[in-house]
Amino acid sequence: MNHILRFSIGLERMGIGMRKRLLATHAQTPASVAMGDAMTLLERVVSAPPKNTWTKDEISSIYNTPLMELTYAAATLHRKHHPHNTVQTCTLLSIKTGGCTEDCSYCAQSSRYSTGLTATKLSTLETVMTAAREAKANGSTRFCMGAAWRDMSGRTRGLERIKDMVREVRGLGMEVCVTLGMLDSKAAEELKDAGLTAYNHNLDTSREFYPKVITTRGFDERLRTIENVRNAGISVCTGGILGLGETAVDHVSFLHTLSTLPEHPESVPINALVPIKGTPLGENKKVPFDSFLRVVATARILMPGSIVRLAAGRINLTEEQQVLAFFAGANAVFTGERMLTTECSGFEADRRLFEKWGLANMKAFRGEEEGGAKRIAEVEKSGKIGEIIERV
Ligand code: SF4
């Protein structure tokens, strides 16, 4: 038995003991009865195999569990499925900025809003490779490229150039992810053949709140792109943005859609809105950290094998808040100077953070080989989580 397993069993025993004491002390009040119910549920999810049949009621119970208990359960489950101290570092490059025809109301790159952003053409291969080599030299194991496009239809030459970028970056031994808007199955297959590791296409928010954020493409169109990516054999990276004006009920619904996809996404980016002046959401308040943490911890519990990724807005978290999010199950970050159009924690700052808190870089393809859907299938088949942890 390795130290990860021993540690998680120890935590589990300690937590169950604490829970019993708490229940004995506060058993008479309605609030504590509710708390007791939630704790029982958490005990169940910690020992249960991964599933994609979650109900909104189950998710709501988890999401609304007292925050310390929720964080503890997520941390326990995290250690069952992942090494406790490794975090994937990825760098995101904008390869075509601005001028997008869509109306995503948070986005600086929409041509509908005056944000002062200058639109650019598709980057050259040389520019991309310079950035990718720099990212690799600074420890990034995954390189993501984003183009501000509605979709790939009619972009035959653009697709060819992006395939070249994918091949070359993959040749550096890095995982490669792109986000290019909506994707049909043919383009997805071509990108797969070029060596693409993952495709990012966020759901953004709940199905119910979605029309208040975007009107130029539907929620189901997003799901179709995710399906095309999955069918092509590319890893799915899909998550959302918190702080768009949504409620806790929307968080539950958003997590419900993600966790009941036919296969859990290998990667679940959680963004905190960075309000951009000139966009309709430019004056939004930042999402409270306790809400952010609830989403991270609940995502970890619902999709235990996935990589949960702290994305845009991490720059606005304190060091301690980031560490608490890692503790609750986040295990990837974007690092570098910029994340498309917003600021990002730099390579040096992240190096210091990792060193101080005893975190290590996840090696390339570890998440792909052992995370997400494949890992879930393995757990379900064997029913022996412990054996899998022994191999990590
Ligand atoms: S989020 Fe993407 S699709 Fe929406 S406006 Fe921005 S670049 Fe365009």
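This report describes the overall fold, the ligand surroundings and the annotated binding-site residues of a predicted model.

## Overall architecture

The chain contains 15 helices and twelve strands. Of its 392 residues, 46% are buried. Among contacts with a sequence separation of 6 or more, 80% join residues that are 24 or more positions apart.

Helix H3, which comprises residues 56–63, has Ile59, Ile62 and Tyr63 as its buried residues. These residues lie on the same side of H3, because they cover an arc of only 95° around the axis. A general rule applies here: an α-helix has 3.6 residues a turn, so residues three or four places apart point the same way.

## Surroundings of the ligand

The ligand is surrounded by Cys100, Glu102, Cys104, Cys107, Gln109, Ser110, Ala148, Arg150 and Gly181. This shell consists of four nonpolar, three polar and two charged residues. In an unreviewed entry, UniProt lists Cys100, Cys104 and Cys107 under "binding site".

Cys100 is located in the loop between strand E1 (86–96) and helix H5 (125–137). Cys100 counts as buried because it has 21 C-beta neighbours inside 10 Å, the threshold being 20 or more. Beyond its neighbours within four places in sequence, Cys100 is in contact with Gln109, Ser110, Ser111, Ala148, Trp149 and Arg150.

Cys104 also lies in the loop between E1 and H5. With 24 other C-beta atoms within 10 Å, Cys104 is buried. When residues up to four places away in sequence are not counted, Cys104 touches Ser110, Val213 and Ile214.

## Further annotated residues

The UniProt annotation "binding site", again from an unreviewed entry, also covers Cys144, Cys177, Cys237 and Arg309. Although these residues span 166 residues in sequence, no two of their C-alpha atoms are more than 13.4 Å apart, and they therefore gather at one spot.

Cys177 belongs to strand E3, formed by residues 175–179. Cys177 is buried, since 23 other C-beta atoms lie within 10 Å. Not counting residues up to four places away in sequence, Cys177 touches Arg142, Cys144, Thr197, Ala198, Tyr199, Asn200 and Cys237. Two of these partners, Cys144 and Cys237, are themselves covered by the annotation.

Arg309 is placed in strand E8, which runs over residues 307–310. Arg309 counts as buried, with 26 C-beta neighbours inside 10 Å. Leaving aside neighbours within four places in sequence, the contacts of Arg309 are Gly239, Ser267, Val268, Pro269, Ile270 and Ala332.

Technical notes: Residues are numbered from 1 along each chain as its sequence is written. This is a predicted model: local features need pLDDT of at least 70, side-chain atom pairs count only at pLDDT 80 or more; totals for chains, interfaces and linings use all residues. A residue is near a molecule or strand if its C-beta atom, placed from the backbone, lies within 6 Å of it. Ala, Val, Leu, Ile, Met, Phe, Trp, Tyr, Cys and Pro count as nonpolar, Asp, Glu, Lys and Arg as charged, and the others, Gly among them, as polar. UniProt positions are given in the numbering used here, feature names are shortened, and annotations may be inferred rather than shown by experiment. Helices (H or I, at least four residues) and strands (E, at least two) are DSSP runs, numbered from the N terminus. A residue is buried if 20 or more other C-beta atoms lie within 10 Å of its own, exposed if 12 or fewer, and partly exposed in between; C-beta atoms are placed from the backbone. Two residues are in contact if their C-beta atoms, placed from the backbone, lie within 7 Å. The arc is that of the directions from the helix axis to the C-beta atoms.
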